[in-house]
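Dear colleague,

I am passing on the structure we spoke about, with my notes set out underneath it. Please have the sequence and the coordinates open while you read.

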Amino acid sequence: GRRSRRHAGGESGTDVAVAPPGRSEVQSEGKARAAVPGSPACWTTEFLARLEWKRLETLATAFLAALGFVARETRVGADGGVDVTLYRAGSEKPVGVCQCKAWRSRNVGVKPVRELYGVMAAEQVEHGVFMASGEYTEEARSFAAGKKLDLISGSDLVRFILSLPADKQASLAAVAFAGDFETPTCPHCDIKMVARTAKKGSNAGSQFWGCPNYPRCKQTFAV
């Protein structure tokens, strides 16, 4: 999602069934460092955790499309709690909604998961998908249990992608890791942010991400 980005499943329904395949070993961190960005060898939890929030949403859109859905990423600055909307081919009626969180330093708790469930009710869609580059708290997983709400963690997503044919793994790697996939995007201006150093106040000397459109846009993220 595009809110609260200061740092970079439940029972599945039949229409949006994205339960993880059999547990396979995720590649080691050493292999992740040796991988070439944009290659299928990038599919490790280490590389996935490096994705900035917008690139994770773009990957989620491409991944869900690879599963056969018509997946549409919402425009920057106006997600309303939904990052990707899912449709069946030939229909304009949504069948599912997806929310993403590229949180590197903490697990996704129950609050955003509960909010997505509320959006499902408001939008009158049966299925929800929550996709995170990290993990979920036990409270979040307990809330989703028994609902048509899939919680996909970073390790789940890696296993999913590694279960796809090699050509799909490669095409998703090209989407996820092309160019600068780590510098965060300003959620208001849709441009890459720049590293700045605070010059005064209690945080003087510390680095942060700022929007290039400052002072018109005052969006900042912690480094």
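What follows is a description of a few helices, strands and side-chain pairs, taken in turn.

Please keep in mind throughout that this is a predicted model.

**Helix α7**

I begin with α7, which covers residues 166-177. Its 12 residues should span 16 Å at 1.5 Å a residue, and the C-alpha atoms at its ends are indeed 16 Å apart, so the expected and the computed values agree. Five of the residues to look at here are Gln169, Leu172, Ala173, Ala176 and Phe177, which are buried in α7. When the helix is viewed down its axis, the buried residues fall within an arc of 110°, and therefore they line one face of α7. The cover over these buried residues includes α2 (45-48), α3 (53-66) and α6 (154-162). After α7 comes Gly179, a residue with a positive phi, near 60°.

**The sheet of β6, β7 and β8**

Further along the chain you will find an open sheet of three strands, in the order β6-β7-β8, and the pairing in it is antiparallel. Because β6 (194-197) and β8 (220-222) stand at the edges and have a single partner strand each, one side of each is left without a neighbour in the sheet. From one strand to the next, the twist averages 40°. Between β6 and β7 (residues 207-210), which run antiparallel, there are four bridges; to find the register, you could start from Arg196, whose bridge partner in β7 is Phe208.

**Salt bridges**

How many salt bridges does the structure hold? There are seven, and I describe some of them here. As a general point, side chains of opposite charge can pair when their charged atoms come close.

The side chains of Glu182 and Arg50 form one such salt bridge, at 3.1 Å from N to O. Since Glu182 sits in the loop between α7 and β6, while Arg50 sits in the loop between α2 and α3, the pair ties together parts that are 132 residues apart in sequence. Glu182 is partly exposed, at a relative accessible area of 34%, and Arg50 also counts as partly exposed, at 30%.

Another salt bridge brings together the side chains of Lys54 and Asp190, with 3.9 Å between N and O. Lys54 belongs to helix α3 and Asp190 to the loop between α7 and β6, so this pair ties together parts that are 136 residues apart in sequence. Asp190 has a relative accessibility of 42% and so counts as partly exposed.

Arg72 and Glu92 also meet through their side chains in a salt bridge, at 3.0 Å from N to O. Here Arg72 lies in strand β1 (residues 70-73) and Glu92 in the loop between β2 (84-87) and β3 (94-101), so the parts tied together are 20 residues apart in sequence. Arg72 is partly exposed at 34% relative accessibility, whereas Glu92, with a relative accessible area of 56%, is exposed.

**Strand β3 and its partners**

The loop that holds Glu92 leads on to β3, a strand that is mostly covered, with seven of its eight residues buried. β2 and β3 run antiparallel and are joined by four bridges, one place to look being Val84, whose bridge partner in β3 is Cys98. The two strands form a hairpin with six residues between them, and in the turn Gly90 has a positive phi of about 85°. β3 is also joined to strand β4 (residues 127-132), in this case by six bridges and with the strands running parallel; in β4, Met131 is the bridge partner of Cys100.

**Ser133**

Lastly, I would draw your attention to Ser133, which is found in the loop between β4 and α5 (138-144). Is Ser133 buried or exposed? Its relative accessible area is 9%, and because buried means under 20%, Ser133 counts as buried. Although Ser133 and Ala49 are 84 residues apart in sequence, their C-alpha atoms are 5.5 Å apart in space. Leaving aside residues up to four places away in sequence, Ser133 touches Leu48, Ala49, Leu56, Lys101, Ala102, Trp103 and Gly154.

With best wishes

Technical notes:
Residues are numbered from 1 along each chain as its sequence is written. This is a predicted model: local features need pLDDT of at least 70, side-chain atom pairs count only at pLDDT 80 or more; totals for chains, interfaces and linings use all residues. Side-chain values use heavy atoms; hydrogens and water are left out. The expected span of a helix is 1.5 Å times one less than its number of residues. Buried means under 20% relative accessible area, exposed over 50%, partly exposed in between (1.4 Å probe, protein chains only). The arc is that of the directions from the helix axis to the C-beta atoms. Contact means heavy atoms within 4.5 Å. Two strands pair if DSSP finds at least two bridges between them. Axes are lines fitted to C-alpha atoms, for helices over the stretch in contact, and angles run from 0 to 180 degrees between N-to-C directions. A salt bridge is a side-chain nitrogen of Lys or Arg within 4 Å of a carboxyl oxygen of Asp or Glu.
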